[in-house]
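Dear colleague,

I am passing on the structure we spoke about, and you will find it just below. After it I set out what turned up when I went through it.

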Amino acid sequence: MPTTKTPTTKTLRAGSAHKRAAILSAARELFLADGFDRTSVDAVAARAKVSKRTVYDYFGDKRTLLQAVVDAIGQSMISIIRRTLDDTLTDLTEAAGLEDALVAFSTRIATDMLGSAEYATLRRLVRAESGHLPHQDYNSMADTPDEAIAERFAAIAAAGLLDVPDPRLAADQFIALTFGVALDRLGSANAAEDPRVRPLIVAGVRTFLRAYRTV
């Protein structure tokens, strides 16, 4: 009897952006509501208003679709980080404004990203469906946020405002000292909803600057 081959990564269709977005949105809603095991490709196709064949052509299988959903949310988080870096930590030339800029960056990340429904969805999916992702500690954002912050710290160092021999280490320490502390201590980092967040961020920024500020 002839066998049906599951599409490989190389044979997956790029397809239309609209259909891909519809499939991802439908899959995300169903994975959250019903879980991976109880979500069928038929249900995803019906909700996305595409054929089951289209889902397979675009994503290959249900596990790949789950990974694509997680990756899409991760990419939206990375976009927030890059946009916030551009808004708060660009063209800094005066040491006097550095603390305020770092506090503003951290507060916005804590509120706009870590306090967002998107981030909550990402954490929920990764926790609930880790067994269906490539590995248990799968992280759709990987090292990108840390590296983006490290690049900006290197630029600030080039302007003479920071002394960061290892920008990536400085970025990791900055994250741990600011919104990382808020998450660890409070379980949330939304400064707009919890007045305890901002003082933790300010204290973390000042500790960071004592270690890395040049003047």
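Tyrosine 212 is a good place to begin: in this predicted model its relative accessible area is 12%, so the residue is buried. Its neighbour in this account is phenylalanine 208, which counts as buried at 1% relative accessibility. Both residues belong to helix α10, which covers residues 197-212, and they are four residues apart there, about one turn of the helix.

A search of the whole structure gives six aromatic pairs. In the pair made by phenylalanine 208 and tyrosine 212, the ring centres are 4.9 Å apart and the planes meet at 35°, so this pair is tilted. The two residues are also members of one aromatic cluster, which they form together with Phe105, Phe153 and Phe174.

As for helix α10 itself, its 16 residues should span 22 Å at 1.5 Å a residue, and the end C-alpha atoms lie 23 Å apart, which agrees. Its buried residues include Val197, Leu200, Ile201 and Val205, besides Phe208 and Tyr212, and the buried residues of this helix pack against α5 (98-113), α7 (144-158), α8 (167-177) and α9 (179-186).

Turning to charged residues, the count of salt bridges comes to 12. One of them joins arginine 47 to glutamate 29, with the closest N and O atoms 2.9 Å apart; because arginine 47 lies in helix α2 (residues 41-48) and glutamate 29 in helix α1 (residues 17-34), the pair ties together parts that are 18 residues apart in sequence. Arginine 47 counts as partly exposed at 44% relative accessibility, and glutamate 29 counts as partly exposed at 38%.

A salt bridge also links aspartate 87 with arginine 108, where the closest N and O atoms are 3.1 Å apart. Aspartate 87 is in helix α4 (residues 62-88) and arginine 108 in helix α5, so parts that are 21 residues apart in sequence are tied together by this pair. Arginine 108, at 29% relative accessibility, counts as partly exposed.

Within helix α8, arginine 168 forms a salt bridge with aspartate 172, the closest N and O atoms being 3.2 Å apart, and the two residues, four apart in that helix, are separated by about one helical turn. Arginine 168 is partly exposed with a relative accessible area of 27%, and aspartate 172 counts as partly exposed at 30%. Through shared partners, salt bridges join these two residues with Asp146 and Glu147 into one network.

Lastly, lysine 62 lies over the face of phenylalanine 36, at 4.4 Å from the ring centre.

With best wishes

Definitions and conventions: Residues numbered from 1 in each chain as written. Predicted model: local features only at pLDDT ≥ 70, side-chain atom pairs only at ≥ 80, totals over all residues. Heavy atoms only, no water. Phe/Tyr/Trp six-rings, centres within 6.5 Å; stacked < 30°, edge-to-face > 60°. Buried < 20%, exposed > 50% of the residue type's maximum accessible area, 1.4 Å probe, protein only. Lys NZ or Arg CZ within 6 Å of the ring centre and 35° of its normal. Expected span 1.5 Å × (residues − 1). Contact = heavy atoms within 4.5 Å. Salt bridge = Lys/Arg side-chain N within 4 Å of Asp/Glu carboxyl O.
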